[in-house]
Amino acid sequence: MDEFAALVDALVYTRSRNEKLRLIAEYLRATPDPDRGWALAALADGLDFPAVKSSTIRNLMKDRVDPILWTLSRDFVGDTAETASLLWPAPEEPPSPPTVSEAVELLSSMNRKSVVIELPHLLDRLDASGRYALLKLATGGMRIGVSSRLAKTAFAQAFDVSVDEVEEYWHGLAAPYPELFDWAANGEDPPDIENLPTFRPFMLAHPLEETVVDLAEYAAEWKWDGIRVQLVRAGGETRLYSRSGDDISATFPELLDVLPFNAVLDGELLVRGNVQGGEAGGAASFNALQQRLGRKTVSKKMLKEAPAFVRLYDVLIAEGNDLREKDWTSRRAALEQLIARLPESHFDLSSLVEARDFEHLAEIREGSRDDAIEGLMLKRKDSPYIAGRRVGYWYKWKRDPLLVDCVLMYAQRGSGKRSSFFSDYTFGCWDGDPDQGADLLPVGKAYSGFTDEELKKLDRHVRSNTVNRFGPVRETDKSLVFEVAFDSVHESKRHKSGLAMRFPRIHRIRWDKPPHEADRIEALRALIRD
Amino acid sequence: MAAPFSWIKPEPHGIYIEPADCWVDPSRAVDKALVTHGHADHARGGHGQTVATPETLAIMKLRYATSDGATPVEYGETIRLPGGVDATYIPAGHVLGSAQILLEHAGERVIVTGDYKRRADPTCPPFEVTACDIFITEATFGLPVFCHPPIEEEMQKLLDRLAAHPDRCVLIGAYALGKAQRVIAELRAAGHTDPIYLHGAMEKMCRLYEEHGVDLGELRMVAEHTKEDMRGAIVICPPSALNDRWSRRLPDPITAMASGWMRVRQRARQRNVELPLVISDHADWGELTRTIREVDAQENWITHGREDALLRWCQLHQRRARALALVGYEDEDD
């Protein structure tokens with residue numbers, strides 16, 4: 001654990017990507033199995049111990065530290081694991097740190113009842129750095145500036161294998177990845193994943209921004225507003241994966257017995273309806289899909305009222321043929337063949353958008369808001385299917401955001417790099433004429449869209465214009481106007497204003513604008529499209 | 001007879017002593033100011049009269065060209081202010097010249113600490129615990145997560161890293177008044193006798209410390225040396241220069257920062273610090289609470305910093321306390 005804790009600390013303070021790769025690779029080479037496998041899993045994906053959550057740590061701490069002092073500390077530090085590691089009462093015994101595997105074993109064996117006794121024992125065996133590393137490892141995502149991809153690249157570098165191969169095997173294997181180390185470090189055969197319904201990394205798009213493309217080289221498709229999914233059938237089993245590779249099969253059982261052949265398909269998960277693109281579009285709003293997300297079990301009523309289907313974008317593998325090396329045009333042709341063999345009830349094909357030229361396409365895109373579609377996708381016709389985001393192949397070209405002027409009402413401190421800065425803002429619109437005594441009602445929350453310099457100014461504004469404190473939340477004097485950009489606005493019962501924005505972000509800070517000139521709720525309501 | 005302590009008034013711009021028509025550490029120009037120490041958030045130019053220790057006055061003269069109306073007071077010395085108020089300057093252990101100010105009037109005793117710490121510091125005399133009725137304390141590191149490690153550990157960390165990278169240099173961001181000189185003096189105490197290189201903004205203050213008897217060993221200016229000279233050396237600059245273009249002239253610097261905030265990893269990351277050195281000239285949580293206990297005043301007034309938590313601690317320990325909302329105090333770089 002000491003070596004792992006030292007690695008974690010070094011990674012926290014290292015900026016250079018190459019140096020991070022070197023540190024991880026060095027650790028992976030020097031550490032025995034299965035410690036290094038657990039460490040790699042923790043860095044790449046985070047480990048999951050059902051009994052140990054952030055709330056578990058919070059509760060443990062509140063038995064040891066005054067709850068108000070805990071909250072103030074946590075709020076300042078911006079990270080529960082770090083706060084706890086700093087506040088944990090130093091044990092009298094000298095540290096006797098467990099190995100990573102031993103820690104993992106102990107953490108896995110804990111249940112909700114035993115954790116309150118066993119986790120403290122484990123923490124007492126470590127120093128402050130060790131406690132930090134253990135708590136980070138125990139509560140999932142480490143968030144220490146190491147992406148999953150970086151960890152895998154470091155593994156590939158450590159043993160001189162290809163990172164694409166690592167990616168390919170990764171999702172078919174489980175921590176601590178003995179097969180992966182056997183192959184890469186010990187020269188044994190590569191893992192066999194052909195008959196497993198495993199996730200293959202998605203090909204992703206860059207925002208188009210100022211780029212102009214030639215439609216002779218690029219095909220255009222609608223960017224449907226659902227969630228990107230991968231449907232995989234192999235070894236007699238079908239699984240549905242989200243963009244991040246999470247298995248969401250259980251949430252959409254209607255899709256698990258409708259794929260009649262082995263394949264890996266890429267598409268948009270949508271719910272039947274007539275909002276996106278009207279009757280012809282055939283898809284409900286994202287809001288409708290959202291009702292179905294995140295559920296562990298699905299009622300019959302739900303299946304009937306909000307049936308899901310996959311609008312197919314691409315095919316990666318079909319009946320044993322890996323098509324990823326082929327160009328988009330060939331894959332599209334293969335997909336158009338395959339669709340005939342798929343039930344219409346659960347599949348359709350994302351249609352291509354025909355345009356004379358780029359200007360014409362821009363006009364078509366302008367109309368996408370009325371169609372409640374997110375925008376367009378542009379795919380280079382000769383592009384293979386490549387994991388990740390490669391410049392020049394795929395672009396997303398979202399419609400322009402909507403804008404509304406709101407007034408800053410509340411602020412909260414951020415976490416991670418923004419800990420201790422007031423960086424999460426709740427803003428509102430007027431429920432009538434502000435000069436006639438109307439009130440502000442919160443309409444959304446945003447924590448992006450400003451520079452680090454602006455963040456400092458905003459932080460200062462919040463600190464010097466606080467009128468009330470509710471725990472970690474500061475209420476401000478409502479003197480600052482934000483121009484807020486967002487993709488769409490919907491009815492919502494969650495907010496007092498009855499409205500919810502999608503992807504709100506700060507577009508401009510209007511230091512100059514008096515708050516009574518901000519927009520009213522009615523102006524925002526008029527922008528609803530579903 | 002006036003209500004108890006009605007002669008001393010916390011105002012947004014400083015502590016006002018009514019019978020003497022005089023302010024402690026005012027954040028704007030006044031006729032008469034008592035100044036605890038030379039940091040910019042406590043000492044400002046433009047006052048009609050400035051009462052401070054000779055060291056603080058020297059610092060203010062250097063930084064703000066304040067010399068008119070300078071009234072020196074030695075540690076332990078009491079001066080009589082108008083309206084029957086006595087002011088005594090007592091070491092605060094924060095930086096060269098830093099003082100707590102004991103104010104006495106009508107048999108009532110009030111201490112304004114300014115900033116202070118309880119650790120040994122080779123550049124200034126240590127904090128003296130002094131009995132009083134009202135103790136006005138800072139709270140810069142007023143959260144229980146703040147526990148400054150022994151400075152020897154931090155020096156060792158620094159020297160180990162330096163030794164591991166003989167081709168690079170370690171660039172330490174340190175506040176130009178106090179922190180920089182303390183780090184240098186502690187390095188000397190740890191046996192590091194090599195020349196230490198300085199950013200131009202550090203030079204005058206280091207010389208001032210030397211004139212006041214603090215030995216800093218051999219100091220060299222970065223501007224007068226080549227990259228080659230500085231390989232394997234320690235370089236000190238103000239925190240603002242850490243990520244500045246200025247550092248391009250250095251040999252592949254390892255970025256370090258000497259500050260109490262470095263205790264929190266995310267704070268170090270926010271400043272792109274690779275080598276955090278938890279070194280502070282302020283009291284940490286343990287020292288703040290210990291000091292409140294030892295001074296044992298009837299009432300504690302808490303100024304700049306994380307006053308909420310210290311207020312809570314006082315409440316939990318049945319000590320009377322209130323938070324003062326003073327404006328203009330900054331704590332970014334310590």
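Colleague: Which domains is chain A divided into?

Modeller: Domain 1 (2-138), domain 2 (203-398) and domain 3 (402-525). Such bounds come from an automatic or database domain assignment. The C-alpha centres of domain 1 and domain 3 of chain A lie 35 Å apart.

Colleague: What kind of model is this, and which pLDDT limits apply?

Modeller: It is a predicted model: local features need pLDDT of at least 70, side-chain atom pairs count only at pLDDT 80 or more, and totals for chains, interfaces and linings use all residues. Residues are numbered from 1 along each chain as its sequence is written, while chains are lettered from A and ligands numbered from 1 in the order in which they are written.

Colleague: Why is helix α3 of chain B called largely enclosed?

Modeller: Buried means that 20 or more other C-beta atoms, placed from the backbone, lie within 10 Å of the residue's own (exposed: 12 or fewer; partly exposed: in between). Eight of the 11 residues of α3(B), residues 179-189, are buried, so the rest of the structure largely encloses this helix. The buried residues are Lys179(B), Ala180(B), Gln181(B), Arg182(B), Val183(B), Ile184(B), Glu186(B) and Leu187(B). Just after α3(B), Gly191(B) takes a positive phi of about 90°.

Colleague: Which elements do the buried residues of α3(B) pack against?

Modeller: α2 (151-164), β12 (170-173), β13 (196-198), α4 (203-211), β15 (234-237) and β16 (254-258), in chain B. Helices (H or I, at least four residues) and strands (E, at least two) are DSSP runs, numbered from the N terminus.

Colleague: What puts the buried residues of helix α7 of chain A on the same side?

Modeller: The arc, taken over the directions from the helix axis to the C-beta atoms. Val100(A), Ala103(A), Val104(A) and Leu107(A) are buried in α7(A), residues 100-109. They cover an arc of only 100° around the axis, so they sit on the same side of α7(A). These buried residues pack against α1 (2-12), α3, α8 (115-124) and α9 (128-138) of chain A.

Colleague: At what angle do α3(A) and α10(A) pack?

Modeller: About 150°, with their axes 7 Å apart. The axes are lines fitted to C-alpha atoms, for helices over the stretch in contact, and angles run from 0 to 180 degrees between N-to-C directions. Leu40(A), Leu43(A) and Ala44(A) of α3(A) meet Ser148(A), Ala151(A), Lys152(A) and Phe155(A) of α10(A). Contact means C-beta atoms, placed from the backbone, within 7 Å.

Colleague: What classes make up that contact of α3(A) with α10(A)?

Modeller: Five nonpolar, one polar and one charged residues. Ala, Val, Leu, Ile, Met, Phe, Trp, Tyr, Cys and Pro count as nonpolar, Asp, Glu, Lys and Arg as charged, and the others, Gly among them, as polar.

Colleague: How many residues does each chain give to the contact between A and B?

Modeller: 22 from chain A and 19 from chain B. α5(A) has the largest share of chain A's side, six residues. By class, that side has 10 nonpolar, seven polar and five charged residues.

Colleague: What makes a set of residues a nonpolar core?

Modeller: Its members are buried Ala, Val, Leu, Ile, Met, Phe, Trp, Tyr and Cys, joined through C-beta atoms within 7 Å. The largest core has 164 residues; Leu134(A), Ile172(B), Ile234(B), Val235(B), Ile236(B) and Leu277(B) touch the most other members. α3(A) gives the most to this core, with seven residues. Another core, of 48 residues, lies apart from it, with Tyr218(A) and Leu335(A) among its members.

Terms used:
Two residues are in contact if their C-beta atoms, placed from the backbone, lie within 7 Å.
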